[in-house]
Amino acid sequence: MLAMMSPRPPPQSCDTFVVLPDLTKGGHVVFGKNSDRPREEVQEVVYRAAADHDGGSKVQCTYIEVDQVEHTHAVILSKPSWMWGAEMGANEHGVCVGNEAVWTKLLDDNDQEERLLGMDMVRLALERSTSAAMAVDVIAGLLESHGQGGACSEDEPDLTYHNSFLIADATEAWVLETAGNYWAAEQIKSGYRNISNALSIGTNIDRMSEGLAAAAQEKGLWDGSGTFSFSEAFAVEEDSAGGRKECGEKLLAELSKGGDFSLTQMFEVLRDEESGISRGTEHKHPTTGSMVSVISQGSKDRPSCHWFTGTPDPRRSVFKPFIFTNNVKISPHIQSPRLPDDQDPAKVVPRFASKVNRTHLLYRRQKAAAAKGDSTIWETLRQLEEKCVQETEACLENFDPERLSEMDDLFKDCVDSELKFYK
């Protein structure tokens, strides 16, 4: 018998999208994600440089330690400020990862035990992978070795869930979905794909945890007849995504039918309010941060470019560009304050919750502007964003690798420019 958790509303948040080169402008991969989180939770954007580590060392994640690897790659992360892990991000090799909360038949009270959060696995995969396929290996290995569990919110201790992931690099994408310590992965080589808050991998399974089908049969979740379906075996009956996945698919189909899907069209998808993909701050689980990446084909002539808001509600937030360089400057105004004794400036653990005001300057300025009720500010900021897109795209189209250092301050300067418009 399955030890099911007492009934409570399933998670209803987040959508992640990818459009592959056969349908995009310039033949690049376009990745996008909205992070819908508990109201008032602050999302920050942080950069961590590549680093070498001593053999046998550990890395402290949100709740538990895991073995560190010898080398971690440079990453840019959009993350809830209280946790170590990230909702979404990219690394210097053009790997992008986003995760979704999913409700499965294996979710029970044991998932409140502190293990790895799905967000921890996002960050660990980015730090340790040079391709999307490698990221699948990393997440699967972590899940099988350490399991997933623990409160996924600082203020809602009962909020626990399992996770699905959309992972992309310059040539392909993978969907990896989990139920407890079990997982299945689907490879996407063309077209588009999106995930939301319900299991979506059916019989099209390219990789899976060892003994997955047998385990489902043993638990009474599959009768052994026909082709094994991961979602039919492990998904709950209700649609935890609230129909958003289908709405997202329709948006991707419509916008990509000309074969020239672009950066700004992914902005449009993430800003779609009618579908519920974009959620304002009045919602219980609003969109607290958004990300869009244009992943280039590994050419040194055009680097990948990653765009982050770092503020709630993409309809009134500005996407700002980030490019990996050898001397990146990241703005302190989009990062939450730290305690003096924090060993890792990227981490504020839950026990510090009552001592730290987690709001960063950009968050506070945007919130104050919204309180004034002047809609003209959002029109002005959208114009600022459009100009930034035009200038950045023009620069990338004729990019000179010898001038990469000129991009060191790109993200920082864009944050500073946005702040000026809130005064």
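**Figure 1. Helix α6 against the sheet in the predicted model.** Helix α6, residues 263–270, lies across four strands: β1, β2 (29–36), β16 and β17. The direction of α6 makes about 160° with that of β16. Helix α5 (residues 244–256) also packs on the sheet, where it touches β1 (15–19) and β14. Relative to β14, the direction of α5 is at about 160°.

**Figure 2. Strand order in the open sheet of 6 strands.** The strands follow the order β14-β1-β2-β16-β17-β18, and their pairing is antiparallel. At the edges stand β14 (192–195) and β18 (320–322); each has a single partner strand, so one side of each is left without a neighbour in the sheet. From one strand to the next, the twist averages 15°.

**Figure 3. Pairing of β16 with β17.** Strand β16 covers residues 287–295 and strand β17 covers residues 305–308. The two run antiparallel and are joined by 4 bridges. One of the residues in these bridges is Ser-293, whose partner in β17 is His-306.

**Figure 4. Strand β11 and its burial.** Strand β11 spans residues 162–168, and 7 of its 7 residues are buried. Both faces are covered. His-162, Ser-164, Leu-166 and Ala-168 are buried on one side, while Asn-163, Phe-165 and Ile-167 are buried on the other.

**Figure 5. Partners of β11: strands β10 and β12.** Strand β10 (residues 96–102) runs antiparallel to β11, and 7 bridges join the two. Here Gly-98 stands opposite Leu-166 of β11. Strand β12 (residues 173–179) also pairs with β11 in the antiparallel sense, over 5 bridges. In this pairing, Ser-164 has Glu-177 of β12 as its bridge partner. Together β11 and β12 form a hairpin, with 4 residues between them.

**Figure 6. Helix α1, a mostly covered helix.** Helix α1 runs over residues 118–128, and 11 of its 11 residues are buried. The buried residues include Asp-120, Arg-123, Glu-127 and Arg-128. Also buried are Met-119, Met-121, Val-122, Leu-124 and Leu-126, among others.

**Figure 7. The largest cavity and its lining.** A search of the whole structure finds 1 cavity of 30 Å³ or more. The volume of the largest cavity is about 40 Å³. Its lining consists of Arg-271, Arg-315, Arg-316, Ser-317, Val-318, Trp-378, Leu-381, Arg-382 and Glu-385. By class, 5 of the lining residues are charged, 3 are nonpolar and 1 is polar.

Technical notes: Residues numbered from 1 in each chain as written. Predicted model: local features only at pLDDT ≥ 70, side-chain atom pairs only at ≥ 80, totals over all residues. Heavy atoms only, no water. Buried < 20%, exposed > 50% of the residue type's maximum accessible area, 1.4 Å probe, protein only. 1 Å grid on protein atoms, 1.4 Å probe; cavity = no way out; pocket = protein on both sides within 12 Å on 5 of 7 lines; lining within 4 Å. Points joined across faces, edges and corners; volume = space filled by probe spheres on them. Nonpolar A, V, L, I, M, F, W, Y, C, P; charged D, E, K, R; others polar. Pairing = 2+ DSSP bridges. Axes fitted to C-alpha atoms, helices over the stretch in contact; angles between N-to-C directions. Contact = heavy atoms within 4.5 Å.
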